[in-house]
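Okay, thanks everyone for squeezing in. I'll put the structure up on the screen and then walk you through a few spots in it.

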Amino acid sequence: MFGALSAVLRAVRADGLRAWRHLLAADLLFKLLAFVALTPLVGLALQAGVAASGSSVLADQEILYFFLRPMGIVVLVGVAALSIAIVALEQACLMAIALAAAEGVRLDAGRLFRFVLRRRRPVIALAVRLVAKVLLFAAPFLAGLGLIYLGLLREFDINYYLEERPPVFLSAAVLASGLLIGLAWVLVPRLVAWWLALPLVLFEGVAPG
C-alpha cells in the first residue's frame with residue numbers, strides 16, 4: 001500500500017515539475033481576471049451602502065444591514081456567482097494542464113482555451129449546483145447564527161462585544177461554535193464525496209446533475 005502511494009506521489013511530483021510554469025501562469029491569469037471582474041462590483045456595493053446609510057463612513061452593523069436588504073442581497077449573489085464561475089473555470093483549466101502533463105501532451109494556450117470554453121456550461125452548472133446544495137444544508141445553521149445575533153448581540157455594536165467580552169457575548173460564542181461544529185459535521189463528508197465531481201464532468205462527459 002505504502003509503495004503504491006509513494007509511486008503515485010513521485011508521479012504527481014514529476015508531473016508538477018513538468019507543468020508548474022503553465023499552472024502558475026494559468027493561476028495568475030485567473031487571479032487577474034477575478035480582480036478585474038470583482039473589484040468594480042465591490043466598489044459599487046460600497047457606494048450603494050454609503051448611499052443607503054446616508055453617511056460618509058459605514059459602521060460594521062450598517063454593512064451587515066445593507067447586505068440584508070434587497071440591493072445588498074443582489075450584490076452578494078452577483079459577486080458570489082461571478083466568483084464561483086471564475087473559480088470553476090480556473091480549476092477546469094488547472095486540471096486540463098495537469099492531465100496533459102501526466103499524459104506527456106503539450107497543451108498550448110489556444111488548445112487549453114478551446115478545451116475550457118467548450119466545457120464552460122457544464123462546469124459552471126456543476127459549480128452552481130454545488131453551491132446551491134451547500135447553502136441548502138447550511139441554511140438551518142445560518143438561521144441559527146442569525147437568531148443568536150438577534151437574541152443576544154443587538155444591544156451594542158460588535159466592537160463593544162469584542163473589546164469588553166461580557167457574559168452574553170461568551171454565551172453567544174459558545175452557541176455559535178456549537179452550530180459551526182454541527183455545520184462542519186454535516187458538510188465535510190459531503191464535500192469529500194463531491195470532490196471528484198468536477199473531473200468527471202470535465203473529462204468523462206458526466207452530466208452535472
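So, start at Leu196, which sits in the loop between α7 (167–193) and α8 (197–203). Is Leu196 buried or exposed? Exposed, because its relative accessible area is 55%, and the cut-off for that word is over 50%. Leu196 also has company: together with Trp195, Leu200 and Val206, Leu196 makes a nonpolar surface patch of about 450 Å². Before I go on, please keep in mind that this is a predicted model.

Let me zoom out for a second. The protein has eight helices and zero strands, so if you read along the sequence you just get α-α-α-α-α-α-α-α. Of its 209 residues, 24% count as buried. The accessible surface comes to about 14,200 Å², and carbon and sulfur atoms own 73% of that. If you take the contacts with a separation of 6 or more, 71% of them are between residues 24 or more positions apart.

Now back up the chain into α7. Its 27 residues, at 1.5 Å a residue, should span 39 Å, and the end C-alpha atoms are 40 Å apart, so the two agree. There is a kink in α7, though: about 30° at Leu187, shortly before the proline Pro189. Leu187 is also one of the buried residues of α7, alongside Phe169, Ala172, Ala176, Gly182, Leu183 and Val186. What covers the buried residues of α7? The cover includes α5 and α6 (158–164).

That brings me to α5, residues 120–152. Same check here: 33 residues at 1.5 Å each should give 48 Å, and the ends, C-alpha to C-alpha, are 45 Å apart, which agrees. Where does α5 bend? At Ala138, by about 50°, with a proline, Pro140, following within four residues. Ala138 is on the buried list for α5 too, and that list also has Val123, Leu126, Ala127, Phe141, Gly144, Ile148 and Tyr149.

Last stop, the charges. As a reminder, side chains of opposite charge can pair when their charged atoms come close. How many salt bridges does the count come to? Two. One is between the side chains of Asp27 and Lys31, at 2.7 Å from N to O. Asp27 and Lys31 both lie in helix α1 (residues 2–53), four residues apart, so about one turn of the helix. Asp27 counts as partly exposed because its relative accessibility is 23%, and Lys31 is partly exposed as well, at 44%.

The other bridge joins Glu90 to Lys31, with the closest N and O atoms 3.2 Å apart. This pair links distant parts of the chain, since Glu90 is in helix α3 and Lys31 in helix α1, 59 residues apart. And because the two bridges share a partner, Asp27, Lys31 and Glu90 end up in one network.

One more thing about Glu90, which belongs to α3, residues 70–102. Why does Glu90 count as buried? Because its relative accessibility is 7%, and buried means under 20%. Leaving aside neighbours within four places in sequence, Glu90 is in contact with Asp27, Phe30 and Lys31. So for Glu90 you have a buried residue with a salt bridge to Lys31.

That's my tour, happy to spin the model around if anyone wants another look.

Conventions
Residues are numbered from 1 along each chain as its sequence is written. This is a predicted model: local features need pLDDT of at least 70, side-chain atom pairs count only at pLDDT 80 or more; totals for chains, interfaces and linings use all residues. Side-chain values use heavy atoms; hydrogens and water are left out. Helices (H or I, at least four residues) and strands (E, at least two) are DSSP runs, numbered from the N terminus. Buried means under 20% relative accessible area, exposed over 50%, partly exposed in between (1.4 Å probe, protein chains only). Contact means heavy atoms within 4.5 Å. Patches are made of residues with over 30% relative accessible area and no salt bridge: like charges are joined within 9 Å, nonpolar side chains (Val, Leu, Ile, Met, Phe, Trp, Tyr) within 5 Å. Accessible areas come from the Shrake-Rupley method with a 1.4 Å probe; for residues, only the protein chains shown count as cover. A salt bridge is a side-chain nitrogen of Lys or Arg within 4 Å of a carboxyl oxygen of Asp or Glu. The expected span of a helix is 1.5 Å times one less than its number of residues. The bend at a residue is the angle between axes fitted to the seven residues ending there and the seven starting there.
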